[in-house]
Protein chains: 2
Amino acid sequence: MTTQAAEGLRDRKKRQTRAALSHAAVRLVAEHGLDHVTVEDISAAADVSPRTFFNYFATKEDAVLGPDPDTGPRVRARVLAQPAELSAAAAVREALSAEVAAVVAEDRELWLRRMCVVQQHPVLLAKVFSGGEAVERELVAGIAERVGLPADDTYPLLLGAAAGAAFRVAVVRWSSVRWSSTAASLQDLLAEAVDMLAGGLADPPSAQSQSQSRATSPQS
Amino acid sequence: MTTQAAEGLRDRKKRQTRAALSHAAVRLVAEHGLDHVTVEDISAAADVSPRTFFNYFATKEDAVLGPDPDTGPRVRARVLAQPAELSAAAAVREALSAEVAAVVAEDRELWLRRMCVVQQHPVLLAKVFSGGEAVERELVAGIAERVGLPADDTYPLLLGAAAGAAFRVAVVRWSSVRWSSTAASLQDLLAEAVDMLAGGLADPPSAQSQSQSRATSPQS
DNA sequence: CACAATTGTGCAGTCCCTGCAAAGTTGCAG
DNA sequence: CTGCAACTTTGCAGGGACTGCACAATTGTG
């Protein structure tokens, strides 16, 4: 499904090179830290010239966290493929959940290491879901198409951005909690976040001194 | 209010230098495009050495879109200062609305130009609300404190991230619509987005062909 | 095998960004 | 006002990201 049968030698090699660079980047950065790894190191580990590196990735960060090029279209297709009875928000939830499941199943080690890297370099968080970039645009396009609104309308834009936010939060919590006793799956955390969004961010789900008593407790 | 009386010559000069660099950066980039302006150009326009530039901003982009250092704490304080009867989501809405009003009133021209820049370089969108950076962290901390939850709990993280997403969407729509006939204010767009979030992203607010086919089917 | 198309590579060069140490400024106490 | 301490600015040297360009290598095709 991910690899077409009718694929020439050329495209296969491209995939391999790209994967080699990505894997090398993730491994080295997880091992030595982002700024202790140069593009030269990565290309050397992947057996290509440094110049070739930039034929595949625009920046060093992209090699570590950049999604492969067909992630966007795939997510978009997933959103449209959800049963028509689902609300748009539910469709997005299911689509993302399916995507996470597929991606983690396919390359578990890679993603575990990626999460280590993210934990050490929160700056890269924006790129995990490619904040505002290609994937989110495709997602927005899919939502827009599904609900029959223009892609620059508030609703698709907001649902797409909110989904990205939920995804980011899920990743953060997952990578910060996985060292503790409770090991929640990324999908569960994602579902939790999306459900909370769908619930309108109603006050707190489980605070101690909350709904009424907040009025009694002076804050500032 | 913004400038304390008890402020030495030193701090005043620092403020001035920072503002000069920021203004020069925004002006030049709006005029010539992001990659046709070098740090050297900016520092020259601000009458400081290139080296000094990096004493104030870590990156070129920060000089264009980076919020001044006390934005984070200010937003946090705003969240905590909202009346206790408000829900957390409502408090965030009011806080952001107030922040936008204050900031736009104080330096309108600067912000208009900033929006031009953002429109030309969507890559910078993440930095408008400093996606995942200082301001969002402070916002999350404020929310957490307000509702009495730890700052690494899902709820504060998600509300903060969602607010950032709403802000981004509002800015996008504002800067893409302001050339058309309908000129909505940034605050209105922000309120619209936050309300949509608070409504749980209920299906489409105004879809044409969907309303019936979806209305018959309940969401999960 | 010849030919076109695509991909890999080396090279030169620009620019971003940093550490360090030497100036120049400002604040302050004597 | 004078000397000292704290801080800021600046120049310099340098590493590393990234790009354009020309050329070599490889693959697809007739």
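## Residue classes and the model

Ala, Val, Leu, Ile, Met, Phe, Trp, Tyr, Cys and Pro count as nonpolar, Asp, Glu, Lys and Arg as charged, and the others, Gly among them, as polar. On that basis, the surface near DNA strand D divides into seven nonpolar, seven polar and seven charged residues. The surface near DNA strand C has seven nonpolar, six polar and seven charged residues. The model is predicted.

## Surface near DNA strand C

There are 20 residues around DNA strand C. The nearest are A:R10, A:S49, A:T52, A:Y56 and B:R51. Sugar and phosphate make up 58% of the strand C atoms that come within 4 Å of the protein.

Both chains take part. Helix 1 (9-32) and helix 3 (50-56) of chain A each give at least two residues to this surface, and so do helix 1 (9-32) and helix 3 (50-56) of chain B. Helix 3 of chain A provides the largest share, with four residues.

## Polar contacts to DNA strand C

Two arginine side chains point to bases here. For A:R51, a polar side-chain atom lies 3.3 Å from a base oxygen of DNA strand C. For B:R10, a polar side-chain atom lies 3.1 Å from a base oxygen of that strand.

The backbone contributes as well. A backbone N or O atom of B:V39 lies 3.4 Å from a phosphate oxygen of DNA strand C.

## Surface near DNA strand D

DNA strand D has 21 residues around it. Among them, A:R51, B:R10, B:S49, B:T52 and B:Y56 come nearest. Of the strand D atoms within 4 Å of the protein, 63% are sugar or phosphate. The rest belong to bases.

The largest share of this surface comes from helix 3 of chain B, which supplies four residues.

## Polar contacts to DNA strand D

A:R51 also has a contact with this strand. A polar side-chain atom of A:R51 lies 2.5 Å from a base oxygen of DNA strand D. Phosphate oxygens are involved too. A polar side-chain atom of A:K13 lies 3.4 Å from one in DNA strand D. A backbone N or O atom of B:S49 lies 2.8 Å from a phosphate oxygen of DNA strand D.

Four elements each give two or more residues to the surface near this strand: helix 1 and helix 3 of chain A, and helix 1 and helix 3 of chain B.

## Positive phi at Leu201

A:L201 is not glycine, yet its phi is positive, near 55°. The residue sits in the loop between helix 11 (186-198) and helix 12 (213-216) of chain A. Its relative accessibility is 4%, so A:L201 counts as buried; the cut-off is under 20%.

B:L201 likewise has a positive phi near 55° in a residue other than glycine. In chain B the flanking elements of the loop are helix 11 (186-198) and helix 12 (211-215). At 3% relative accessibility, B:L201 is therefore classed as buried.

## A helix pair in chain B

Helix 5 (residues 71-81) and helix 6 (residues 88-106) of chain B have axes that come within 8 Å. Those axes cross at roughly 135°. Angles over 145 degrees would count as roughly antiparallel, and 65 to 115 as roughly perpendicular. Helix 5 and helix 6 of chain B are therefore oblique to each other. The crossing of these two helices is right-handed.

Methods. Residues numbered from 1 in each chain as written. Chains lettered and ligands numbered in written order. Predicted model: local features only at pLDDT ≥ 70, side-chain atom pairs only at ≥ 80, totals over all residues. Heavy atoms only, no water. Buried < 20%, exposed > 50% of the residue type's maximum accessible area, 1.4 Å probe, protein only. Near = heavy atom within 4 Å. Polar contact = N/O pair within 3.5 Å; in protein donor to acceptor, adjacent residues only side chain to side chain. Axes fitted to C-alpha atoms, helices over the stretch in contact; angles between N-to-C directions. Parallel < 35°, antiparallel > 145°, perpendicular 65-115°, else oblique. Left-handed = near helix turned anticlockwise from the far one by under 90°.
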